[in-house]
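Student: I am new to this structure. Please take a close look at the salt bridges for me, and then at what lies around them.

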Amino acid sequence: MADYAAQLKKLLHEAGCSFERHGKGDHDIWYSPITRIRFVVDSKILSRHTANAVLKQAGLPKKF
């Protein structure tokens, strides 16, 4: 299975999103200047649907 987390975090960083802090467990809290919301990114994302859902929260188009 593919782990989409590394690719996803790279895309978020390139789009201007920023890591804010570590959350509970293996979750990180990120902020998107596009949507002006905070959202959760897991350290392991095995589903492309989950990866695309995170991109949607960040205001970015689907990539996976």
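Tutor: Here is a walk through the salt bridges, followed by the nonpolar core and one residue at its heart of contacts, Ile 45. Keep in mind that this is a predicted model.

Start with the charged pairs. Side chains of opposite charge can pair when their charged atoms come close. Searching the whole structure turns up two salt bridges.

Take Asp 28 and Lys 9. They form a salt bridge, and their closest N and O atoms are 3.4 Å apart. Asp 28 sits in strand β2, residues 27-32, while Lys 9 belongs to helix α1, residues 5-14, so the pair ties together parts that are 19 residues apart in sequence. Now look at how covered each partner is. Asp 28 has a relative accessible area of 10%, so Asp 28 is buried, because buried means under 20%. Lys 9 is partly exposed, at 23% relative accessibility.

Turn to Arg 38 and Glu 20. Their side chains meet in a salt bridge, at 2.5 Å from N to O. Arg 38 is in strand β3, residues 37-42, and Glu 20 is in strand β1, residues 18-22, so this pair links parts that are 18 residues apart in sequence. Arg 38 counts as exposed, with 55% relative accessibility. Glu 20 counts as partly exposed, at 34%.

Next comes the nonpolar side. In soluble globular proteins, nonpolar side chains tend to be buried together. The largest nonpolar core here has 15 residues. Leu 8, Leu 12, Phe 39, Val 41 and Ile 45 touch the most other members. Two or more residues of this core come from each of α1, β3 and α2, the last spanning 48-57.

Follow Ile 45 outward. Setting aside neighbours within four places in sequence, Ile 45 is in contact with Ala 2, Asp 3, Tyr 4, Ala 5, Leu 8, Thr 50 and Ala 51.

One of those contacts, Ala 2, deserves a stop. Ala 2 lies in the segment before α1. Ala 2 is partly exposed, with a relative accessible area of 40%. Not counting residues up to four places away in sequence, Ala 2 touches Ile 45 and Leu 46. The C-alpha atoms of Ala 2 and Arg 48 are separated by 8.7 Å, although these residues are 46 residues apart along the chain.

Conventions: Residues are numbered from 1 along each chain as its sequence is written. This is a predicted model: local features need pLDDT of at least 70, side-chain atom pairs count only at pLDDT 80 or more; totals for chains, interfaces and linings use all residues. Side-chain values use heavy atoms; hydrogens and water are left out. A salt bridge is a side-chain nitrogen of Lys or Arg within 4 Å of a carboxyl oxygen of Asp or Glu. Helices (H or I, at least four residues) and strands (E, at least two) are DSSP runs, numbered from the N terminus. Buried means under 20% relative accessible area, exposed over 50%, partly exposed in between (1.4 Å probe, protein chains only). A nonpolar core is a set of buried Ala, Val, Leu, Ile, Met, Phe, Trp, Tyr and Cys residues joined through side-chain atoms within 4.5 Å. Contact means heavy atoms within 4.5 Å.
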